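The following paragraphs offer a guided reading of one protein model. Please examine the sequence and the structure before continuing.

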Amino acid sequence: MGRLIELHERFDQSPWLDNIRRRWLLDGHLERCVAQGVRGLTSNPAIFQKAIADGDGYEEQLAELATAGTPVEDAYWELVARDIAGALEVLRPVHDRSDGVDGFVSVEVDPRLAHDEHATVVAARTLHERIDAPNLHVKVPGTAAGVGAVRTLIGEGRSINVTLLFSVERYEAVIDAYLDGLETFDGDLSTVSSVASFFVSRVDNEVDRRLDAIGTPAALALRGQAAIANARLAYERFGERFSGERWDALVARGARVQRPLWASTSTKDPSYPDTLYVDSLIGPSTVNTLPDATLEAFDDHGALDRTIDGVPGDAAAVVAALAELGIDLGEVTELLEQQGVASFVESFDDLLATLAGRLSTERAG
């Protein structure tokens, strides 16, 4: 039994793949990943920017779009829709066998809408209607505007991946929006799925930079601890909020928990183990979405043990120790949200520019 399969069967954590390529749909690579234990797939504008810029497998459709004179943004969504539809088909058996728990494929709304609640709702509805499948997650950024959009969309019975979450406080607001939406929806709650994508490694990137600038032994001893502590505190909130009378009433109507999803789990610091953010966050009712290199590394040499709970009090102690050094984790996570949105917008703009060049070349040819 491979580690990815064991991760799910022993610890109730679902490994998802954080990448997509057209070639993987054509050569059977994604099917092999599923056989290896992958139980879902996530994408984002940066992933599509790289995939389409590399162009492997997109040539025929690009030629068709160029010949038809398709505008650049419309061409982007045509390419994305075909990739997502192909991945949905591959993952559908996982969805059916898991009774709708896994087998999801995520596609993100236009990142330029991250601070526009109404436009985000409209964009998410459009994607759900265009790519009509029970195992589709539409990704909505967990900005302040995104929280309101999540409440509306869940209230319409739509399955949502809330992405770009960094702070525990914003995560709590997302949980509230999910519960509010479930209470509003008058249909079968068992058909509504959601995950809350909590970004991990980027927290250490920023906090470690600040610790290095302080440079004292006490500061340097905290390197590589902030991200895991932050995620473990989020998991504590998950356990608290998905229990009690309010939640029990929703469970009676068929509701499913909104699972925490650990995202940004590749290590950026080469001095850290390459499976650090997988090994350290294993626990039930969670998802870990892994870039393909991290997925292969974990399946080769990852550690299998329940680690999400950590030692009681340790996560809060890390946050307190950072505060004593003048590092406010709330300010860090607010900055990371701003940077995350800006990064996805930049990737989206770069992608459109690349795609415009590809279409122009096809038309000239």
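In which sense do strand 1 and strand 7 (residues 286-290) pair, and over how many bridges? The pairing of strand 1 with strand 7 is parallel and runs over 5 bridges; two strands pair if DSSP finds at least two bridges between them. Trp16 stands opposite Thr289 of strand 7. Helices (H or I, at least four residues) and strands (E, at least two) are DSSP runs, numbered from the N terminus.

The model is predicted: local features need pLDDT of at least 70, side-chain atom pairs count only at pLDDT 80 or more, and totals for chains, interfaces and linings use all residues. Residues are numbered from 1 along each chain as its sequence is written, and side-chain values use heavy atoms, with hydrogens and water left out.

The wider setting is an open sheet of 7 strands, paired in parallel in the order 1-7-6-5-4-3-2. Strand 1 (13-17) and strand 2 (105-108) form its edges, each pairing on one side only. On average, neighbouring strands of this sheet are turned by 30° against each other, direction ignored; the axes are lines fitted to C-alpha atoms.

Attention now turns to helix 8. In helix 8, 9 of the 12 residues are buried, meaning under 20% relative accessible area (1.4 Å probe, protein chains only). Among them are Ala145, Val147, Leu153 and Ile154. Their cover includes helix 7 (117-130), strand 3 (136-141), strand 4 (160-165), helix 9 (168-184) and strand 5 (194-199), with contact taken as heavy atoms within 4.5 Å. Just after helix 8, Gly157 adopts a positive phi of about 80°.

How values were computed
Buried means under 20% relative accessible area, exposed over 50%, partly exposed in between (1.4 Å probe, protein chains only). Axes are lines fitted to C-alpha atoms, for helices over the stretch in contact, and angles run from 0 to 180 degrees between N-to-C directions.
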